[in-house]
Amino acid sequence: MMICPDAYYEQKLKGKTKEQVFSQIRSLKWQIGNLKNRLEGPDSDECVSEGPSEKTQISCLRAYLDRAKLVYAQLGGEYKASKAELAALEFERRIPEISEVTLIIGGFFSATEVIEVTVGKRGVTIKNTQRAPGLNRESDWTLPLLSVSKEDFFTQLEELHIGEWRPFYSTRRFGYQVMDGIQWELSFTYAGNPRDRVSFHGDNSFPYNFGELLCLMRGTDDDEDEAPVEILLTGEQEALMNKLADYVAALPDGTAITTAQAVGNVFSDFDFRKGSYSGINLFDVHIVLFEKLRERDIFPDMSAHDGLVEGLLYNLDFIVHHMAKD
């Protein structure tokens, strides 16, 4: 169970020597780093238990660390921040100077999402463009522009502590390599100067709180996925979705496939570059398909993506599992 910073002070810092407090600082930094590594690992998934989640623990430990550094200074200690800590502090300091933020995520053989944030004097504008695979930009489509409060955007950005991120994330860090897959780049431009720029990159590997960044950049809430999704279909669209579900349900147990592949196999006129079929967005097709498969006692297994950032339907595969009948 985590405790408040005041309680932590009473239990771990009060009455301690300068050396003992410094030992606590080292321990807290190790604990934070260890939790981040666990969440960023290839087989990681945030633990579900009665205790606080790893992300909650990181937040509490960060508060303990701030208090421990304060006590250390009060005892006459001079804490020397590491290069990584200095870089993180500099990033936090310059957040008010940010003029543009760009997130690109996807791959050459899959659709790519390009989110461009422009910071104005009064507010923030978010433009989200979906790029089809390859170099044919005529197939791109752009979602409606979003406008959010500048103060809210910067506050949420500060809470992500992006300055603590590694410059580059890769599965090689964990001893293996993935070909193709998902690549991403996050860049910040300051005061409208293209040369004044900070970037973070990743290749099939992501920071522990990358999902929260996506919510911020897309202008969505963390709990939106928990809300029930109601997708209204016409009679013709319903018949097409039933035909699609029947096809996937008839596949042998253990078959790996994506929603886009299934649509292409069933409907010869499907053009994946449009991002929709028969007037239904592919993301909605994906949701309806999974609902109809479960009605047919088919379990679409996407566990291979547990703990990873949600990708796009062109490269998000699932395995067809036939549920055993009683």
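Entry 1: terms and model. I take a residue as buried under 20% relative accessible area, as exposed over 50%, and as partly exposed in between. The model I examined is a predicted one.

Entry 2: Ser 278. I applied that scale to Ser 278, which counts as partly exposed because its relative accessibility is 32%. I located Ser 278 in the loop between β10 (276–277) and β11 (280–281). I noted that its phi is positive, about 55°, although Ser 278 is not a glycine.

Entry 3: His 161. I then looked up a second residue with positive phi. His 161, which is not glycine, has a phi near 50°. I found His 161 in the loop between α5 (150–160) and β6 (168–170). With a relative accessibility of 22%, His 161 therefore counts as partly exposed.

Entry 4: the chain as a whole. I recorded nine helices and 13 strands in the chain. Of its 326 residues, 37% are buried. I also looked up the contacts with a separation of 6 or more, and 63% of them join residues 24 or more positions apart.

Entry 5: β7 and β8. Is strand β7 largely enclosed or not, and how many of its residues are buried? I found that six of the eight residues of β7 (residues 183–190) are buried, so the strand is largely enclosed by the rest of the structure. I followed its pairing to strand β8 (residues 193–203), which is antiparallel and covers eight bridges. Within this pair I noted Tyr 190 opposite Asn 193 of β8, and Leu 186 with Phe 200 of β8 as its bridge partner. The two strands form a hairpin with two residues between them. One residue of the turn, Ala 191, has a positive phi of about 50°.

Entry 6: β6 and β8. I checked how β6 is joined to β8: the two run parallel, with three bridges between them. Tyr 169 has Gly 202 in β8 as its bridge partner. As a general point, the strands of a sheet pair through backbone hydrogen bonds, either parallel or antiparallel. In β8 I have an example of each sense, the parallel one with β6 and the antiparallel one with β7.

Entry 7: β3 and its partners. I looked up strand β3 (residues 123–131) next. Its pairing with strand β5 (residues 146–149) is antiparallel and has four bridges, and there Ile 126 stands opposite Leu 146. I also found two bridges from β3 to strand β4 (residues 141–142), again antiparallel. In that pair Thr 129 stands opposite Thr 142.

Entry 8: an open sheet. In which order do the strands of the three-stranded open sheet lie? I read the order as β9-β13-β12, with antiparallel pairing. The edge strands, each paired on one side only, are β9 (256–258) and β12 (298–301). From one strand to the next I noted an average twist of 40°. Helix α9 (residues 282–295) packs on this sheet, where it touches β12 and β13. The direction of α9 makes about 140° with that of β12. I then examined β12 with strand β13 (residues 317–322), and the antiparallel pairing there covers four bridges. Phe 299 stands opposite His 321 of β13.

Entry 9: the second largest pocket. I recorded about 910 Å³ of space in the second largest pocket. Which residues of its lining are the closest to the centre? Among the 34 lining residues, I found Lys 36, Ala 84, Glu 85, Ala 88 and Glu 164 to be the closest. I then asked which elements supply the lining: α2 (18–40), α3 (54–74), α4 (83–93) and β8 each give at least two residues. The most comes from α4, with eight residues. Strand β8 thus appears in my notes both as a partner of β7 and as a contributor to this lining. By class, I noted 15 nonpolar, six polar and 13 charged residues in the lining of this pocket.

Methods. Residues numbered from 1 in each chain as written. Predicted model: local features only at pLDDT ≥ 70, side-chain atom pairs only at ≥ 80, totals over all residues. Heavy atoms only, no water. Pairing = 2+ DSSP bridges. Axes fitted to C-alpha atoms, helices over the stretch in contact; angles between N-to-C directions. Contact = heavy atoms within 4.5 Å. Buried < 20%, exposed > 50% of the residue type's maximum accessible area, 1.4 Å probe, protein only. 1 Å grid on protein atoms, 1.4 Å probe; cavity = no way out; pocket = protein on both sides within 12 Å on 5 of 7 lines; lining within 4 Å. Points joined across faces, edges and corners; volume = space filled by probe spheres on them. Nonpolar A, V, L, I, M, F, W, Y, C, P; charged D, E, K, R; others polar.
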